[in-house]
Structure formats: C-alpha cells, structure tokens
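These are my notebook entries on a single protein chain. I set down what I looked up, in the order in which I turned to it.

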Amino acid sequence: MATTQSVTRYLSPSQVDLDKIASLCKRRGFIFQSSEIYGGLNSVWDYGPLGVELKNNVKRAWWRAMVQERDDVVGLDAAILMHPQVWHASGHVAGFADPLIDCKVCKQRFRADHLWAAFVNGVKDKDGAPVLVTGEGSTPEEAAAEMAPRAKKLLKASLTEIKPVLVKDLADRDRVPCPACGAVGSLTEPRMFNLMFKTFLGPVEDESAVIYMRPETAQGIFANFDNVLTSSRMRLPFGIAQTGKAFRNEITTGHLTFRSREFEQMELEYFVRPEEGERWLQYWLEQRRGWYLKLGLRPDSLRLRQHEKEELAHYAKDCYDVEFTFPWGWAELEGIANRGDFDLTQHARSSGKKLAYFDPSTGSGEKGEHIVPYVIEPSGGVDRATLAFLIDAYDEEPPPAGTEEARVVLRLHPALAPVKVAVLPLSRKEPLVNMARDIARELRAPSAGSGWAVAYDDAQSIGRRYRRQDEQGTPYCVTVDFQSLEDKAVTIRERDTMSQVRVPVAELAAALRERLGL
Ligand code: ATP
C-alpha cells in the first residue's frame with residue numbers, strides 16, 4: 001500500500017496498553033486463553049478465526065522469504081517427538097534449566113535470573129535495615145520500571161534513582177522480601193529446574209519409556225542433516241528451514257503470548273564453511289532485520305543487540321538478539337547465533353554416524369575432504385512475531401470533531417492482514433445484497449487475488465462496520481450502494497486514510513490488487 005508511508009501514527013509500540021491488545025484479541029477473535037471454559041490453562045493460548053489467519057500469514061511470509069525465494073535453503077517438517085538420545089546429545093537433558101528460587105512461606109517459584117532487588121536510597125525499616133524492593137524482569141531496566149511505583153510509595157517522594165541488583169548476586173539474601181507475599185528471609189537458594197515436558201512412549205509408563213516434547217525445532221534439523229544432504233544434493237553454503245511447535249515448562253510467564261508454554265518457532269540452520277561463519281552471521285542479521293521491516297515494523301521499534309561474552313552459550317561463537325520495543329521494554333523476538341560445529345559434532349559423537357559435508361574441491365590432490373560445517377541459526381518465535389506485529393500496528397486516532405470515540409485501527413501490512421477486503425452493502429435490501437455477495441464471491445476466486453480472505457458483512461450501520469474492519473486490520477472495504485445498481489461502480493474505502501474512491505466493478509479486482517501490492 002503506497003499510502004501507508006504518509007499516514008500519521010499516534011501511538012508507538014511502547015505507548016500501547018497491553019490490556020487493550022488483550023481485550024481486542026479476545027473481542028475480535030485473534031487470541032483466546034486455552035480451555036477458558038474450565039478457568040483457563042496458564043500461559044497456553046488458542047488462536048481464533050482472525051488470529052489463525054494472521055499467524056498463518058506470518059509463517060507464510062517467513063517461508064516465502066527463507067525457502068521459496070531462495071535456491072540455497074530447503075524445508076523440513078520433523079516430528080515433535082524424537083528419540084530421547086537427541087536431547088542428551090544436544091545438552092538439553094543436562095543443561096536446559098532455569099535457576100529457581102522458592103518462597104518457603106507462600107510456595108511461589110521465581111526465576112532467580114529474573115528476580116531483582118533494589119535498596120531504596122537511605123530508607124531504613126523499623127529494625128534499621130535498609131528497605132528493599134523486589135521486582136521481576138529479564139533486564140535491570142525492566143525490573144526498575146516494575147519496582148519504581150512501589151519504591152515511590154515507600155519513600156512517599158519522587159525517586160532519584162533505582163539501582164536493581166540480581167537476587168543471586170546479593171550477598172545478604174535474608175533481606176530480600178518475597179515478591180509475591182512480602183515475607184522476608186523466606187527465599188531459598190537457587191535450584192536448577194529443567195524446562196522440558198516429559199511424556200511416555202508406548203504402553204508402559206516407566207523410566208525407559210520417557211521421551212520429551214521438543215523444546216525447540218532445531219534438533220530435528222540436525223538429526224536429519226545427512227538425510228537432507230544426500231536426498232537434495234545441496235552444496236555449502238546451504239540451509240534447512242522449519243516451522244513448528246515447541247514446548248517449554250516456563251516458570252515466569254505473562255505478557256500475553258510472549259512467553260508461552262506451547263508456542264511455535266521458525267528456525268533456519270544455515271551451514272557454512274567454518275572460516276565464513278562471521279560473514280554469514282552478519283548477512284543473516286541484515287536479512288532478518290529487513291524481513292521484519294518489510295512486513296511493516298517501524299525501524300524505531302527494532303534493534304539488534306549483541307550478546308555479552310558471559311551471556312553466550314559455551315559453544316556459541318557469537319550471538320545477537322533481534323529485539324522489539326514491547327510496552328514493558330525491549331525484549332527478544334529472535335536470536336541469531338553462530339553455533340560453530342557444536343550440534344553436528346555432538347550428534348555425530350552420540351549416534352556414531354558421520355555428520356559431515358564432503359567437499360570435492362578441497363583437500364590434498366584430487367581426493368577432496370570431509371568438513372564439519374559451522375551453523376548460523378536465525379531462530380524466531382511465531383507467536384512473539386505475531387504479537388509484535390499486532391502491537392506495532394495498533395493505533396488510536398483521536399475522535400473526529402463532534403464525536404467521543406477514538407478510532408482504533410490495526411495498521412497491519414496487507415500481507416499480514418487476516419482479511420484483505422470486506423464487501424459491505426449499504427443496506428440489507430435484496431438487490432444490493434445480491435450484488436454485494438456476487439462481488440465478494442468474485443474477489444475470492446483465484447483469478448482475482450490468489451486466495452485473498454474476503455469478508456462479507458451486512459449487519460449494523462455502515463459506520464460501525466467500517467470501525468469493525470479497522471479494528472481487525474482490513475486494508476480495504478468495498479461499499480455497494482443504491483447507485484451501484486445503476487452505474488455498476490462501487491466505492492473503495494482505505495483503512496488508514498479513510499479516503500474513498502469510486503471504481504467500476506469490472507476494474508475492482510485489478511484496483512485492489514494494485515493497492516494491496518500482493
Ligand atoms: P527467552 O530468553 O526470552 O526465554 P530464549 O533465548 O530462551 O528466549 P531461544 O531458545 O533462543 O529463546 O528461542 C528462539 C525463539 O523462540 C525466541 O527468540 C522466541 O521468539 C521464541 N521463544 C522461545 N521461548 C518462547 C516461549 N516460551 N514463548 C514464546 N516464544 C518463545
């Protein structure tokens with residue numbers, strides 16, 4: 001849509017109220033809590049009629065960019081359940097764990113690396129101990145933002161500065177109050193807790209039948225490295241891409257779908273010559289950033305953050321996070337790492353199979369040699385990307401003169417919008433309805449727009465129907481009025497500018513194609 005560039009935006013993502021997103025998601029059918037009729041299942045989500053379209057559009061856009069528009073990447077759809085040895089070899093059984101702290105009084109659990117405490121400047125409690133405030137967040141900024149209101153209340157004054165420190169770094173843990181119940185000295189030492197869900201394969205429920213729900217899709221790719229190589233004859237550098245469900249028994253949850261226990265990933269493992277790792281890492285950083293921008297995220301909403309040395313996994317050579325400015329602060333959308341040859345080497349060792357690439361062009365003489373490629377991994381979350389697109393698109397336009405209701409608009413990129421076009425007859429009178437239904441049917445035909453989702457709506461006033469479509473991000477409405485019966489023309493109304501233009505029905509599909517740019 002050429003016009004979106006010039007559209008005034010009223011809200012930036014960090015100004016968006018997450019509760020409003022949650023209520024819009026429920027009201028319009030984007031996202032529901034799982035098993036809601038039974039009180040809900042914590043941090044598990046269902047996608048409603050509009051949500052499934054949006055999420056599928058995100059996955060489709062990723063697949064197109066990462067697989068179909070390239071000749072060096074092939075796809076894969078590996079099973080969720082895998083041989084348990086996979087997770088021993090990958091290090092997940094031993095190491096995929098979070099440090100947890102329990103409160104001995106209220107029995108709540110917290111991630112030690114998320115639990116921050118701050119001494120409030122100079123304030124002492126009745127026993128003369130410095131007053132502490134605790135908060136959660138994965139960064140000091142996040143934690144400080146969460147603590148500030150409580151600290152201000154304690155001080156009954158404005159705060160100069162809050163300096164959060166990690167609980168696990170605090171020498172004197174006995175002074176840290178539990179963030180849930182406030183009991184002091186009730187927190188335990190951190191203990192490691194594995195995040196993988198376990199289940200049983202086959203009829204016998206004993207230790208030998210334990211298997212895991214995959215916590216990431218990547219290992220399915222490494223386990224199939226040799227199958228893909230021999231069946232597709234790819235040459236270095238090449239990649240294997242996959243989207244699919246992953247499961248993590250997360251302790252700290254919340255922020256809608258941001259950290260869910262069941263979620264979907266979009267992962268690429270891109271195999272390169274070891275000496276070219278850093279170059280390809282830089283290449284993929286640019287590609288991935290460009291992908292989010294192309295689909296409409298504003299450049300100010302995104303940043304690339306390089307991991308500090310101590311943050312890196314022991315095998316990782318280098319790693320960046322693509323971060324989005326969520327309403328609660330900057331947080332990870334996607335990780336992009338140079339994982340070296342760790343994964344292939346581990347699986348080769350554990351399985352006894354040779355996992356290497358035969359390069360006929362190198363080695364001594366004419367013989368060629370086997371090399372274990374390095375892998376560059378852009379690993380993104382479908383649900384997090386979907387949430388970021390929703391938040392970035394959300395806007396509230398001040399009410400037009402003489403009215404009170406702000407106009408809520410989802411300024412979604414046309415490629416992501418769940419519904420591309422809504423056809424709206426001005427009245428429910430017979431000839432208009434028939435004409436509008438015919439138009440909607442024609443727009444759904446592959447010849448019009450190769451599979452556009454087209455809505456038809458004749459309920460309520462036209463103003464309300466426009467509002468409804470704006471709120472769900474439909475880029476264009478087509479209005480069929482009484483004159484349309486005479487002049488065989490209809491009005492196209494644009495979501496972002498609300499501008500209207502009249503076009504002959506015979507030219508409608510072409511006019512929409514041009515505007516949508518799909
Ligand atoms: P975090 O630090 O936020 O827990 P992570 O670094 O453990 O994330 P990775 O293991 O790198 O995440 O997973 C790659 C991507 O998968 C993340 O960037 C994110 O988009 C997505 N992801 C991971 N865990 C979750 C989750 N619990 N819910 C939703 N998406 C997730």
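The entries below go from the whole chain to its domains, then to selected strands, a helix and a few loop residues.

**Entry 1. The chain as a whole**

I note at the outset that this is a predicted model. I looked up the overall content and found 15 helices and 26 strands. The chain has 518 residues, of which 51% count as buried. Along the principal axes, the C-alpha atoms fill a box of roughly 80 × 80 × 50 Å. I then turned to the contacts with a separation of 6 or more, and residues 24 or more positions apart account for 64% of them.

**Entry 2. Domains 1 and 2**

I looked up the division of the chain. Domain 1 is made of two segments, 24-83 and 213-392, while domain 2 covers 97-194 and domain 3 covers 419-516. Seven residues from domain 1 and eight residues from domain 2 take part in the contact between these two. Their C-alpha centres are 33 Å apart.

I next asked how much area domain 1 and domain 2 bury between them. The value is about 630 Å², with 53% of it on carbon and sulfur atoms. On the domain 1 side, Ile251, Thr252 and Trp328 supply 66% of the area buried against domain 2, which is more than any other three residues.

I also searched this interface for polar interactions. The rule finds one salt bridge across it, and zero residue pairs in polar contact when both residues are at pLDDT 80 or more. Separately, I recorded a salt bridge between the side chains of Glu250 and Arg111, with an N to O distance of 4.0 Å.

**Entry 3. Strand β16 and its neighbours**

I chose β16, residues 329-338, and checked its burial: seven of its ten residues are buried. Which strands pair with β16? One is β15, residues 318-326, which runs antiparallel to β16 and is joined to it by nine bridges. These two strands form a hairpin, with two residues between them. As a point of register, I noted that Asp321 has Gly335 of β16 as its bridge partner.

The other pairing I looked up is with β19, residues 374-381, again in the antiparallel sense and over five bridges. Here Ile336 has Pro378 of β19 as its bridge partner.

**Entry 4. Helix α13**

I moved on to α13, residues 462-471, and listed its buried residues: Arg465, Tyr466, Gln469, Asp470 and Glu471. Against which elements do the buried residues of α13 pack? I found one helix, α1 (18-28), and the strands β21 (407-410), β22 (421-425), β24 (476-480), β25 (489-494) and β26 (500-504). After α13 comes Gly473, and its phi is positive, near 85 degrees.

**Entry 5. Strand β24**

β24 is among the elements that α13 packs against, and I examined it next. Is β24 enclosed or open? Five of its five residues are buried, so β24 is largely enclosed by the rest of the structure. I then sorted its side chains by direction. Tyr476, Val478 and Val480 point one way, Cys477 and Thr479 point the other way, and all are buried.

For pairing, I found β22 running parallel to β24, with five bridges joining the two. In this pair, Pro425 is matched with Val480 of β24 as bridge partner. β25 pairs with β24 in the antiparallel sense, over four bridges. There, Val478 has Ile492 of β25 as its bridge partner.

**Entry 6. Backbone details in loops**

I closed with three loop residues. The peptide bond from Leu236 to Pro237 is cis, with omega near -10 degrees. Pro237 sits in the loop between α7 (225-232) and β12 (238-247).

Lys107 has a positive phi, near 70 degrees, in a residue other than glycine. I located Lys107 in the loop between β4 (97-102) and β5 (109-111). Is Lys107 buried or exposed? The cut-off for exposed is over 50% relative accessible area, and Lys107 counts as exposed because its relative accessibility is 63%.

Lys488 likewise is not a glycine, and its phi is positive, about 50 degrees. I placed Lys488 in the loop between α14 (482-487) and β25.

Technical notes: Residues numbered from 1 in each chain as written. Heavy atoms only, no water. Buried < 20%, exposed > 50% of the residue type's maximum accessible area, 1.4 Å probe, protein only. Pairing = 2+ DSSP bridges. Domains from an automatic or database assignment. Contact = heavy atoms within 4.5 Å. Buried area = accessible area lost by both parts, 1.4 Å probe. Polar contact = N/O pair within 3.5 Å; in protein donor to acceptor, adjacent residues only side chain to side chain.
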